[in-house]
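Let's take a friendly walk through a protein model, one part at a time. Keep the picture in view as you read.

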Amino acid sequence: MTPPPPQPPPSGPNPAADSAADPRPGPGPLVVLFGATAGALGQDLGSDETDLILLVWQVVEPRSRQVGTLHKSLVRAEAAALSPQCREASGLSADSLARAEPLDKVLQQFSQLVSGDVALLGGGPYMLCTDGQLLLRQVLHPEASRKNLALPDTFSSFYDLRREFHVQHPSTRPARDLTVATMAQDLGLETDATEDDFGVWEVKTMVAVILHLLDGSSGQLFSKPEVVKQKYETGPCSKADVVDSETVVRARGLPWQSSDQDVARFFTGLNIARGGVALCLNAQGRRNGEALIRFVDSEQRDLALQRHKHHMGVRYIEVYKATGEEFVKIAGGTSLEVARFLSREDQVILRLRGLPFSAGPADVLGFLGPECPVTGGADGLLFVRHPDGRPTGDAFALFACEELAQAALRRHKGTLGKRYIELFRSTAAEVQQVLNRYASSPLLPTLTAPLLPIPFPLAAGTGRDCVRLRGLPYTATIEDILNFLGEAAADIRPHGVHMVLNQQGRPSGDAFIQMTSAERALAAAQRCHKKAMKERYVEVVPCSTEEMSHVLMGGTLGRSGMSPPPCKLPCLSPPTYATFQATPTLIPTETAALYPSSALLPAARVPAAPTPVAYYPGPATQLYMNYTAYYPSPPVSPTTVGYLTTPPAALASAPTSVLSQPGALVRMQGVPYTAGMKDLLSIFQAYQLAPDDYTSLMPVGDPPRTVLQAPKEWVCL
């Protein structure tokens, strides 16, 4: 048989053949994408956490220089209110957005229309191209995370047109300062000035810029796309690591039960470095609501700072700059045992707390059960111990996947022996912090006595010659307060500005100012009340010296009246325990030149001639101090109190001392009712309490107690 003759090719254009025959190389199809939110636009896009309301896109085939159909779609926003900037620029209204489709429907339509346009232009995998990184990193990914939407994989990589433009034209302005209009202007492109449809002009101009760049391309354009990490990678950090301070931020206000995955989800769309989430712990080893986050570069860090006061659930999170040294201090470690434990990648870490001291690996594995096996069995467990080898009751466990970790978390508050066990999500940084904390020696180190502020006399009285500032920014300094008061600052007494700190030693937002007279205090309050300081209004109200003293000593001042400070102990005030045997304080020469001797805590006690001294000085020399202004002591450790000499007139009416020996006096509050002498002595194990001093522990009774009732408060002499 004679083979049939070849059929002639069909008439009409063949995009696939034209694309294959096109000698000009280039990337695959590009989807030029533009979007807007109901709030800020331009460089602040996504910084106000508002919803997406508009998407405009058009497909470009770089090799054939063909362009697809331009599409525009409105997106229904949960908060229908539009900012004035958005309303003026877009011309949209709340009614038009209310009739639009929700985000998930719009994304489905986007995928379908893009796939159809790409097929018409020759097919192949396509890539998104946007004007900058804000639309994807700061808008689409965070909003999809808040609404529990799964974005298609095409949104995980994209080309940044500004960066591609800067590659070919490096002599122009920096990439972050470029806009669509400036790129077209630098290229000398003519744009349609009559186009007033919001988003359409931007997409058409971006397409023109892309085609112009491709005509002069040297093959380096559109070759390295930006990647959005979809999963946070855990990993260890060493004390020897050098971390760039331009890549670290501090997040404050996190829920205490949040994990590193929750923090990574808050920063979704941004690329966090491997092991870059370090949850901070307080002095008791519990999370304090702060975390340090390390990003892959400074650009990601700058985008993270724009999420200041964005929300995690119902809580807003504060984001500030931090340093690399702070991150290494929290997340770094030197233990080889910890390094081996954290060397397994892609593991979920759980923390077990409250284990019996006799519990071993077999007991913990049996407690978790076969339904949630630990990675590596006993090798996947890390027990926390004191430097002398005694167990602390804490341990960490590794699990291969999230499902196994969830199964283990169901054992939360289950019993092992006679104890219930707490289970929490943990991080590599938390493992390092806990091990570093217990690796220190001694267990309760004796801290050097901190310096007291310069003493200032506060005459007790009810005259309202002071003002109280409430609602100060936490970053406010004394200079900020003086500038805030303006002309009234000239009426402040010497050493008359008192910042109130909380129990963690941080500013509480309150301050007290001593004025020269009650009239000056009232005038300052009337002039400065609800005046703004760093975008916050501050309340300024007159108060008395007595009210100020109560707050500075740790008391509270509310609408219901004044609550006495915890350090004013009625049972220890004169005349019951009037005098002690005091010794001269050893003060360094340099320090003594700067502060009066009474301003320092005693660094050591040496035998000397006894001098009568009162625990609480007389009213004429009463020294009020903010007891929270110093570095906190170790957990449940005693604190040392400095004694000031009382004038002879105050001692004249005081009886002789009932205490026969000199020494520091400590009151312990909140002691369990079941605590005994042995429990109290274990707290002072690092403070060299001599055996013959055991009888110095004396209970403080409220009313008389029966023999079977133990006191809740103790005084140690």
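## Cysteines and a missing bond

We can begin with Cys 86, which is buried, with a relative accessible area of 0%. Keep in mind that this is a predicted model. Another cysteine to look at is Cys 466, which also counts as buried, at 1% relative accessibility.

A disulfide is a covalent bond between the sulfur atoms of two cysteines. How many disulfides does the structure hold? The number is zero. Cys 466 shows how this plays out at one site: the nearest cysteine sulfur belongs to Cys 543 and is 5.1 Å away. A disulfide needs the two sulfur atoms within 2.5 Å, so Cys 466 is in no disulfide.

## A strand on the inside

Now find strand β1, which covers residues 30–37. Is this strand enclosed or open to the outside? Eight of its eight residues are buried, so β1 is largely enclosed by the rest of the structure. The side chains of β1 take two directions: Leu 30, Val 32, Phe 34 and Ala 36 point one way, while Val 31, Leu 33, Gly 35 and Thr 37 point the other way. Both groups are buried.

Strand β1 also has pairing partners. With strand β5 (residues 127–130) it pairs in the parallel sense, over four bridges, and Leu 30 has Met 127 of β5 as its bridge partner. With strand β2 (residues 52–61), β1 pairs in the antiparallel sense, over eight bridges. There, Val 31 is matched with Val 59 of β2.

The loop between β1 and β2 is the place of Glu 49. The phi angle of Glu 49 is near 65°, a positive value in a residue other than glycine. A second residue of this kind is Lys 530, with a positive phi of about 60° although it is not a glycine. Lys 530 lies in the loop between α17 (518–528) and β23 (531–533). Lys 530 counts as exposed, because its relative accessibility is 51%.

## Two helices that cross

Next, look for helix α6 (residues 161–168) and helix α8 (residues 200–215). Their axes come within 11 Å and cross at roughly 35°. The crossing of α6 and α8 is left-handed. On the α6 side, the contact is made by Leu 161, Phe 165 and Gln 168; on the α8 side, by Met 206, Val 209, Ile 210 and Leu 213. What classes of residue make up this contact of α6 with α8? Six are nonpolar, one is polar and none is charged.

## Two open sheets

One open sheet has five strands in the order β10-β11-β9-β13-β12, with antiparallel pairing. Which strands stand at its edges? They are β10 (272–281) and β12 (310–312); each has a single partner strand, so one side of each is left without a neighbour in the sheet. Neighbouring strands of this sheet are turned by 30° against each other on average, direction ignored. Inside the sheet, β9 (residues 248–252) and β13 (residues 315–321) run antiparallel and are joined by four bridges, with Lys 321 of β13 as the bridge partner of Val 249.

Another open sheet is formed by five strands in the order β21-β22-β20-β24-β23, and its pairing is antiparallel. The edge strands here are β21 (492–501) and β23, each pairing on one side only. The twist of this sheet averages 30° from one strand to the next. Strands β20 (residues 466–470) and β22 (residues 507–515) pair in the antiparallel sense over five bridges. Here we meet Cys 466 again: its bridge partner in β22 is Gln 514.

Helices lie against these sheets, as the table shows.

| Helix | Strands it touches or lies across | Angle |
|---|---|---|
| α10 (residues 298–305) | touches β9, β11 (287–295) and β13 | about 140° with β13 |
| α11 (residues 324–331) | lies across β9, β10 and β11 | about 70° to β10 |
| α17 (518–528) | touches β20, β22, β23 and β24 (536–543) | about 160° with β24 |

To finish, try following α17 in the picture: it packs on the sheet that holds β24, and the loop that holds Lys 530 lies between α17 and β23.

Technical notes:
Residues are numbered from 1 along each chain as its sequence is written. This is a predicted model: local features need pLDDT of at least 70, side-chain atom pairs count only at pLDDT 80 or more; totals for chains, interfaces and linings use all residues. Side-chain values use heavy atoms; hydrogens and water are left out. Axes are lines fitted to C-alpha atoms, for helices over the stretch in contact, and angles run from 0 to 180 degrees between N-to-C directions. A crossing is left-handed if the near helix is turned anticlockwise from the far one by less than a right angle, and right-handed if clockwise. Contact means heavy atoms within 4.5 Å. Ala, Val, Leu, Ile, Met, Phe, Trp, Tyr, Cys and Pro count as nonpolar, Asp, Glu, Lys and Arg as charged, and the others, Gly among them, as polar. Buried means under 20% relative accessible area, exposed over 50%, partly exposed in between (1.4 Å probe, protein chains only). Two strands pair if DSSP finds at least two bridges between them.
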